[in-house]
Amino acid sequence: MRKKIIAGNWKMNKDLEEGMGLVSEISNMLRDEYQGSAEVVIIPPFLHVNAVSKLIADNPRLKSGAQNCSNHKSGAYTGEISAGMIKSCAATYVIIGHSERRQYFGEHNQWLAQKIDAVLEAGLTPIYCCGETLEERESNTHFAVLEKQISEGLFHLSPEQMMKTVVAYEPVWAIGTGKTASTAQAQEIHAFIRGLIAAKYDASTASEITIQYGGSVKADNAAELFSAPDIDGALVGGAALQSRSFVDIVKAMA
Ligand code: PGA
């Protein structure tokens, strides 16, 4: 059975002290309140990854991750962070191709494919984000956009590498807007993505891959989203910045 994963992407929020407080609260609440099966991932800014990993080391349900990484292993790339460095901070996941990286930092599919390779080579799990803009959805080009993002970012991978990759469907129009995709809209795209993977690889590979939904996931819409057969968890932004709302989202996953 495929893994259910709820990840909290803090984006550029929380200083070290605030972050440590939030992680402690989440860890304690999960111990007391959650017996379900989901893996819970804390994805703070780079600077806090090491401290977060140390703080959660005694809670097997919790993992840590990073929001981005370099496509290079090391060298003269001022300001960059490599997958190896992230691994050395005991993190397990790296978000690749978040729409904010695509939109504000010019990250394109070919570059992201190299980042995916760097993450896998370091032995970490990439969370590869894809999603259409409102304009693309309204002009009915969203399937083509998603197919291009998935095929150009991921389809150079071997079946074994593909199995180690998590996909996150995050419609750009739903991120930080309070406008969630309906469960039917999200399920349609998740099934479409799984179909693309089945066509490129095979049905059993496709059925093993975790596909998260992201975009204004909240405690009050999570359970409905998670009831869809192809939605295997969530990548949470705003609601991950507060322990109660984040833990309630986790609790929505049986
Ligand atoms: P949001 O962000 O939950 O604030 O919409 C989701 C994301 O960007 O991963």
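How many bridges join strand β1 to β8, and do the two run parallel or antiparallel? I opened my notebook with that one, keeping in mind that this is a predicted model.

**Entry 1: strand β8 and its neighbours**

I found four bridges between β1 (residues 5-9) and β8, and the two strands run parallel. To pin down the register, I looked for a facing pair and noted that A7 stands opposite L235 of β8.

Next I turned to β7 (residues 211-214). I see β7 pairing with β8 over two bridges, in the parallel sense. Here G214 has L235 as its bridge partner in β8. I therefore wrote L235 down twice, as it stands opposite A7 and is also the bridge partner of G214, going by the DSSP bridges behind strand pairing.

Which way do the residues of β8 point? I have G233 and L235 on one side of the strand (residues 233-236), with A234 and V236 pointing the other way. Are they buried or exposed? All of them are buried.

I also followed the chain from β7 to β8. The path goes by way of helix α11 (residues 219-226), and I logged β7, α11 and β8 as a right-handed β-α-β unit.

**Entry 2: salt bridges around the start of the chain**

My search of the whole structure gave 16 salt bridges. I picked out R2 and D230, whose side chains meet at 3.7 Å, N to O. R2 sits in the segment before β1 and D230 in the loop between α11 and β8, so this salt bridge ties together parts that are 228 residues apart in sequence. Buried or exposed, I wondered, is R2? I read a relative accessible area of 16% for R2, which is buried. D230 is buried too, with a relative accessible area of 14%.

K4 and D232 came next, and their side chains also meet in a salt bridge, at 3.7 Å from N to O. This pair, too, links distant parts of the chain: K4 is in the segment before β1 and D232 in the loop between α11 and β8, 228 residues apart. For D232 I got 0% relative accessibility, so I entered D232 as buried.

**Entry 3: a salt bridge within a helix**

For another of the salt bridges I went to helix α7 (residues 142-154). The side chains of E152 and K148 meet there at 2.9 Å, N to O. Why are these two separated by about one helical turn? They are four residues apart in the helix, and that spacing accounts for the turn. I noted E152 as partly exposed at 28% relative accessibility, and K148 as partly exposed at 46%.

One more salt-bridge note before moving on: R2, K4, R194, D230 and D232 are joined into one network by salt bridges that share partners.

**Entry 4: positive phi outside glycine**

I stopped at N140, which has a positive phi of about 60° although it is not a glycine. N140 lies in the loop between α6 (134-138) and α7. With 58% relative accessibility, N140 counts as exposed.

S216 is another non-glycine residue with a positive phi, near 55°. I located S216 in the loop between β7 and α11, within the stretch that connects parts of the β-α-β unit. Is S216 buried or exposed? S216 is buried, with a relative accessible area of 8%.

**Entry 5: the cavity and the pocket**

How many cavities of 30 Å³ or more does the whole structure hold? My search turned up one, with a volume of about 40 Å³. I listed G97, H98, S99, R102, C129, C130, G131, Q149 and E170 as its lining. Helix α4 (99-105) and strand β5 (125-130) each supply at least two of the lining residues. By type, I sorted the lining into two nonpolar, five polar and two charged residues.

I then looked at the largest pocket, which encloses about 430 Å³ of space. Its lining has 17 residues, and M12, Q67, E100, R101 and F105 lie nearest the centre. Which element gives the largest share of that lining? It is α4, with six residues. My tally for the pocket lining reads eight nonpolar, six polar and three charged. I closed the page by marking α4 for both spaces, as α4 supplies residues to the cavity lining and the largest share of the pocket lining.

Terms used. Residues numbered from 1 in each chain as written. Predicted model: local features only at pLDDT ≥ 70, side-chain atom pairs only at ≥ 80, totals over all residues. Heavy atoms only, no water. 1 Å grid on protein atoms, 1.4 Å probe; cavity = no way out; pocket = protein on both sides within 12 Å on 5 of 7 lines; lining within 4 Å. Points joined across faces, edges and corners; volume = space filled by probe spheres on them. Nonpolar A, V, L, I, M, F, W, Y, C, P; charged D, E, K, R; others polar. Buried < 20%, exposed > 50% of the residue type's maximum accessible area, 1.4 Å probe, protein only. Right-handed = clockwise from strand over helix to strand, strands pointing away. Salt bridge = Lys/Arg side-chain N within 4 Å of Asp/Glu carboxyl O.
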